[in-house]
Amino acid sequence: MENPKKWNRMSASELPIVASGGTVTTDTYTSQTFKRHTFTSSGTFTINTDAEIEVLIVAGGGGGNAGGGGAGGTIADTIAVAAGSYTVTVGAGGASNANGSNSSFGTLLTATGGGDDADSGGSGGGATNGGTNNYGAGNTPALVPSGGATSSSVQGNRGGYSNSW
């Protein structure tokens, strides 16, 4: 007869995932329950076990003046994380004539801030104010985040055109 007081050790892959940080909401999709951790300001994401998680990171957009500022870089990816804590940085949008700030998930992924109305930036630089058919370039070559490239994680489209008035 087996000893009823014997403990069975669980492997890390059998542990339930417990995570904290940001604003937590629960969603159900096709009978599966997911938890979303939304960060609207910088903070810490903590997870109890190794896991694969889905991330969406958006950097701050560039500030415009005579031209429009470029959008902040965006990364949507599934990454492997180890148990522990990760600093989440939420990049601010740029003031007039200033680039947006980068957003990041620990040291694993960084989305580049958008360019101001004359500079290069993350998902596109801003339009310049110096005449027709001028633009601030996006990242050249396009940046590939350290977590690996997927079609949705490459940043670096050029900014829009501007006209002088």
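# Nine strands: worked exercises

**Exercise 1. Thr44 sits in strand E4; work out how exposed Thr44 is and what it touches.**

Some ground rules before we dig in. Residues are numbered from 1 along each chain as its sequence is written, and side-chain values use heavy atoms, with hydrogens and water left out. This is a predicted model, so local features need pLDDT of at least 70 and side-chain atom pairs count only at pLDDT 80 or more, while totals for chains, interfaces and linings use all residues.

*Step 1.* Sort out the labels: strands (E, at least two residues) and helices (H or I, at least four) are DSSP runs, numbered from the N terminus.

*Step 2.* Take the accessibility. Relative accessible area under 20% means buried, over 50% means exposed, and anything in between is partly exposed (1.4 Å probe, protein chains only). Thr44 comes out at 43%, so it is partly exposed.

*Step 3.* List the contacts (heavy atoms within 4.5 Å). Skipping neighbours within four places in sequence, Thr44 touches Ser20, Gly21, Phe39, Ser85 and Tyr86.

*Step 4.* Pick out Ser85: it is 41 residues away from Thr44 along the chain, yet their C-alpha atoms are separated by 6.5 Å.

**Exercise 2. Lay out the strands of the chain and the open sheet.**

*Step 1.* Count the elements: nine strands and zero helices. Along the sequence that reads β-β-β-β-β-β-β-β-β.

*Step 2.* Recall how a sheet is held together. Strands pair through backbone hydrogen bonds, either parallel or antiparallel. Here, two strands pair if DSSP finds at least two bridges between them.

*Step 3.* Put the open sheet in order. Its five strands run E1-E4-E7-E8-E9, with antiparallel pairing. The edges are E1 (19–20) and E9 (109–111), each of which pairs on one side only.

*Step 4.* Check the E1 end. E1 and E4 are antiparallel and joined by two bridges; Ala19 stands opposite Ile47 in E4.

**Exercise 3. Which side chains of E5 and E6 point to the buried face?**

*Step 1.* Start with the pairing: eight bridges join E5 to E6, and the two run antiparallel.

*Step 2.* Walk along E5, where the side chains alternate. Ala51, Ile53, Val55 and Ile57 point to one face and are buried; Glu52, Glu54, Leu56 and Val58 point to the other and are not.

*Step 3.* Do likewise for E6 (residues 74–81). The buried face gets Ile75, Asp77, Ile79 and Val81, while Thr74, Ala76, Thr78 and Ala80 point the other way and are not buried.

*Step 4.* Match partners across the pair. Val55 has Asp77 as its bridge partner, and Leu56 stands opposite Ala76.

**Exercise 4. Is Ser104 in E8 buried or exposed, and what about Thr30 and Ser31?**

*Step 1.* Ser104 lies in strand E8. Its relative accessibility is 13%, so it counts as buried.

*Step 2.* Beyond four places in sequence, Ser104 contacts Ile57, Thr87, Val88, Thr89, Leu109 and Thr110.

*Step 3.* Now the loop between E2 and E3, home to Thr30 and Ser31. Thr30 is exposed at 59%, and so is Ser31 at 75%.

*Step 4.* Look at the backbone there. Thr30 has a positive phi of about 45 degrees without being a glycine; Ser31, also not a glycine, has a phi near 65 degrees.

**Exercise 5. Describe the largest pocket and its lining.**

*Step 1.* Fix the term. On a 1 Å grid over the protein atoms alone, a pocket is an open set of points with protein on both sides within 12 Å along at least five of seven lines, whereas a cavity is a set where a 1.4 Å probe fits but cannot get out; lining residues have an atom within 4 Å of a point. Points are joined across faces, edges and corners, and the volume is the space filled by probe spheres set on them.

*Step 2.* The largest pocket holds about 1000 Å³ of space. It is lined by 27 residues, with Lys35, Arg36, His37, Glu54 and Val55 closest to its centre.

*Step 3.* Among the elements giving two or more residues to that lining are E2 (23–29), E3 (32–38) and E5 (51–58). E5 gives the most, with seven residues.

*Step 4.* Split the lining by class: 16 nonpolar, six polar and five charged residues. Nonpolar covers Ala, Val, Leu, Ile, Met, Phe, Trp, Tyr, Cys and Pro; charged covers Asp, Glu, Lys and Arg; the others, Gly among them, are polar.
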